[in-house]
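This report deals with open and enclosed space in one protein chain, and with one packed pair of helices.

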Amino acid sequence: MSRIVYVNGEYLPEEDAKISVFDRGFLFADGVYEVTSVLGGKLIDFPGHTARLERSLSELDMAAPVDMDTLLDIHRELVQRNQVDDGLVYLQVTRGSDGDRDFVFPDAAKVASSLVAFTQSKPGVTESAASKSGIRVISIPDVRWGRRDIKTVQLLYPSMGKMMAKAAGVDDAWMVEDGEVTEGTSNNAYIVVGNRIITRQLGNEILAGITRAAVLRFAREAQMTVEERAFGIDEAKTADEAFVTSATTFVMPVVEIDGEVLGDGTPGPVAKRLREIYLDESRKAGI
Ligand code: PMP
């Protein structure tokens, strides 16, 4: 059965879904996106994702193509039509097409933004082998633009980062600027030193992860100590443990950085506990 995707008001088999070659998402990476996890057929952290989408749109002066209630309906419809139990919904809004290529933004009153959404099924995603073994990362320079707080579709460098990791025989890369870790290629980065959970403070240098917000809230509720500050790649290599968070990997333990093994080389207790709490609470709160 072919996947049903959403394109500008229509639900279509994926092979019939079309976007203009002049779409600014295609020509200029002039678009933003969100990825919402689906567990047991329920959307995880959906209000957080729509709030961040609205912020990304407003930072780029891009019109919302539909209101957020309609967006929820679209997500639910796609989950249902594609019978997604565990997986995700990917959503992308671009500034649309005014039928030519021009650096200047088209008049938003004349050119509608475009909205595309599709699902990916990932049966058993919460029991992945990586979550049991932990992942290995390398550090790479962060050469992205200065507005990483906006969730744009300019993902070429993160994609190159994953390829650098692959070439090095590891799972992912942490990006480093002025000796300090910004974030992972598609996740927020954390270290644990003693009883302290340390993750970079929010700012233009990183994406404000929706999973990050939830995990930090759960950590504080469980009386864990959280420090939101920049940490060095050298500090990370001597940490007791490390982990990353994202909507698709939840809390994922990191067991090696640039060949330096953390602790005993297996997922640490803080990462394991936060993963459990995050998955339990998120399933309960899913809509
Ligand atoms: N940072 C970057 C660069 C990302 O691409 C992502 C995932 N899209 C995250 C952090 C994590 O964000 P979230 O928890 O909202 O998935």
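The text below takes the pockets first, then the cavities, then the helix contact. The structure is a predicted model.

**Pockets**

The largest pocket has a volume of about 930 Å³. It is lined by 43 residues, of which Y33, K151, L155, T185 and S186 are the closest to its centre. Domain 1 (4–125) and domain 2 (129–285) each contribute at least three residues to the lining of this pocket. Helix α5 (residues 156–167) gives the most to that lining, with five residues. Sorted by class, the lining of the largest pocket holds 17 nonpolar, 17 polar and nine charged residues.

The second largest pocket has a volume of about 190 Å³. Its lining consists of T126, E127, S131, K132, P253, K272, R275, E276, L279 and R283. Both α4 (129–133) and α8 supply at least two residues each to this lining, and α8 gives the most, with five residues. Charged residues number six in the lining of the second largest pocket, beside two nonpolar and two polar ones.

**Cavities**

A search of the whole structure finds three cavities of 30 Å³ or more. The largest cavity holds about 40 Å³ of space. Around the largest cavity lie F22, R24, L27, F28, D98, D100, R101, D102, V104 and P106. This lining has five nonpolar and five charged residues, and no polar ones.

The class make-up of the three linings is set out here.

| Lining | Nonpolar | Polar | Charged |
|---|---|---|---|
| Largest pocket | 17 residues | 17 residues | nine residues |
| Second largest pocket | two residues | two residues | six residues |
| Largest cavity | five residues | no residues | five residues |

**Packing of α6 and α8**

Two packed helices are described by the angle between their axes and the distance between the axes. Helix α6 (residues 210–221) packs against helix α8 (residues 269–285) at an angle of about 110°, and their axes are 10 Å apart. Because angles of 65 to 115 degrees count as roughly perpendicular, α6 is roughly perpendicular to α8. On the α6 side the contact is made by T211, A214, V215, F218 and A219, and on the α8 side by L274, I277, Y278 and E281. By class, the residues of this contact comprise seven nonpolar, one polar and one charged.

Helix α8 thus appears in two settings: it packs with α6, and it gives five residues to the lining of the second largest pocket.

Conventions
Residues are numbered from 1 along each chain as its sequence is written. This is a predicted model: local features need pLDDT of at least 70, side-chain atom pairs count only at pLDDT 80 or more; totals for chains, interfaces and linings use all residues. Side-chain values use heavy atoms; hydrogens and water are left out. On a 1 Å grid over the protein atoms alone, a cavity is a set of points where a 1.4 Å probe fits but cannot get out, and a pocket is an open set with protein on both sides within 12 Å along at least five of seven lines; lining residues have an atom within 4 Å of a point. Grid points are joined across faces, edges and corners, and a volume is the space filled by probe spheres set on the points. Ala, Val, Leu, Ile, Met, Phe, Trp, Tyr, Cys and Pro count as nonpolar, Asp, Glu, Lys and Arg as charged, and the others, Gly among them, as polar. Axes are lines fitted to C-alpha atoms, for helices over the stretch in contact, and angles run from 0 to 180 degrees between N-to-C directions. Helices (H or I, at least four residues) and strands (E, at least two) are DSSP runs, numbered from the N terminus. Angles under 35 degrees count as roughly parallel, over 145 as roughly antiparallel, 65 to 115 as roughly perpendicular and the rest as oblique. Contact means heavy atoms within 4.5 Å. Domain bounds come from an automatic or database domain assignment.
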